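Reader: I would like a close look at a single part of this predicted model, the cysteines and their sulfur atoms, with a word on helix packing afterwards if there is room.

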Amino acid sequence: MDYKQELITTIHDFGCDLEALEQRLIQLSEDSPTAIIIPALYQELERPALKQIRDHLTSCSFVKTIVICLYAETLEQYINTVKFFEPLPQKVRIIWENGPRVMAVLGELRDRGLDLVDHFGKGIAVWLGLGVASLEAEAIALHDADIITYNRSYPLKLLYPLLEQEFGIAFNKAYYARLGGNPATFNGRVVRLFVAPVLRALSDLFGERNYLQYLHSFRYPLSGEFALTRDLALTTRIPATWGLEIGLLAEVYRNVAHKRIAQIDLGVFDHKHQQLGNHSQEGLQKMCRDILRSLLRTLTETEQVIITSDHIRALRVKFRREAQDFTRQYFVDARFNGLAYDRHQEEVIIERFEQVIAQAGKEYENDPAGDQIPDWTRALAVMPDLRERLLTCCLEDVAEHTGQVLIHPQVDPNFKRTA
């Protein structure tokens, strides 16, 4: 095979022996424990995807800890969540992120000068999960709660490259084919119809900058499935918006040598689909707005470019042309492979996304810094025992509301020292 030169390592699946890989990971995880983080709204428990994820995880003996970052509006929802995850044989830590105990700890953190109380959404869920997981795991994988095609190969492929020391991998991100539906069609509209043409248009505007080349190296830059080492988890800032995935890639770009960054093939992938939305504050349009703001901010951070309103106007024009070229390619691929493809509807979506560029550009001009959650090293400087206190919140919530006996875990002191 001809391996072209890329900034990051691409791990291909040519039909690997998953059983042998699993046995090796089980062996490695005895000395280097692993964890999985799943951010979830309570509503995900009422959908079939999360039950399937839970059932597959019961057989993943290479995963030692599972951290559920839960947003639940009532105590009843929290208790139902605890019961839902009882079948898992691993250690389960359910962080009730908007529950009274966690909010009290975050309130104390605010009183000491670091205000995270007003952050809600996937960003703060990921941040809390990384903090708790880093107490008990060397390698941490994260994925969403709505994956329809989930199987145990997903966490296996994400975690294994981090634990095989000879690889030297610190961050591993998933890529996949987004196909689904009946009749089968292309999914992944934001990546196909927004991110891909925007990245190409930005390269036309600002040249082949190293950061843009780096983003081009990822076959699916918006994948929500990734794994990282404990050290990286503690030193990574997390965006508080839909721009989380791009913002996270920018943090990895800043903190990790390119040769220690990888992407891995998870095969065919499908999950719950967002609506397009009626304006830039809804659905996929809001997602695109946040992503572009994150892209513009991180491009300025990494390449020191000055982005003006003239650049935004030019970006709109170039985006439209690039996106139309992509639709022609998608049409050819769809027809060749017998997939359903509505080219007109794709063009309509592009027109809506183009309008989002103007709105995102204006918001970026007004607030170029954006909304980011500080990394864990800063939080620990304010409250050194914050992770332990959050873990205690998990244990006390379970004990109080389910009648279980409260047992404080024995955390390896080596994990604490790296904080």
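How many disulfides does the structure hold?

Author: In this predicted model, the structure holds 0 disulfides. Cys 16 takes part in none, and the nearest cysteine sulfur, which belongs to Cys 60, lies 14 Å away, whereas a disulfide calls for a pair of cysteine sulfur atoms within 2.5 Å. As for its surroundings, Cys 16 is partly exposed, its relative accessible area being 36%. Cys 394 has its closest cysteine sulfur in Cys 393, at 6.9 Å, and this is too far for a bond. Cys 394 is buried, with a relative accessible area of 3%.

Another cysteine, Cys 288, leads to the helix packing, since it is one of the residues of H11 that meet H7. Helix H7 spans residues 189–206 and helix H11 spans residues 283–303, and the two pack with their axes 11 Å apart at an angle of about 30°. Because angles under 35 degrees count as roughly parallel, H7 and H11 are roughly parallel to each other, and H7 passes H11 in a right-handed crossing. On the H7 side the contact is made by Arg 189, Val 190, Phe 194, Val 195, Val 198, Leu 199, Leu 202 and Phe 206, which meet Leu 284, Met 287, Cys 288, Ile 291, Leu 292, Leu 295, Leu 296 and Leu 299 in H11. Sorted by class, this contact of H7 with H11 has 15 nonpolar residues, no polar ones and 1 charged residue.

Methods. Residues are numbered from 1 along each chain as its sequence is written. This is a predicted model: local features need pLDDT of at least 70, side-chain atom pairs count only at pLDDT 80 or more; totals for chains, interfaces and linings use all residues. Side-chain values use heavy atoms; hydrogens and water are left out. Axes are lines fitted to C-alpha atoms, for helices over the stretch in contact, and angles run from 0 to 180 degrees between N-to-C directions. Helices (H or I, at least four residues) and strands (E, at least two) are DSSP runs, numbered from the N terminus. Angles under 35 degrees count as roughly parallel, over 145 as roughly antiparallel, 65 to 115 as roughly perpendicular and the rest as oblique. A crossing is left-handed if the near helix is turned anticlockwise from the far one by less than a right angle, and right-handed if clockwise. Contact means heavy atoms within 4.5 Å. Ala, Val, Leu, Ile, Met, Phe, Trp, Tyr, Cys and Pro count as nonpolar, Asp, Glu, Lys and Arg as charged, and the others, Gly among them, as polar. Buried means under 20% relative accessible area, exposed over 50%, partly exposed in between (1.4 Å probe, protein chains only).
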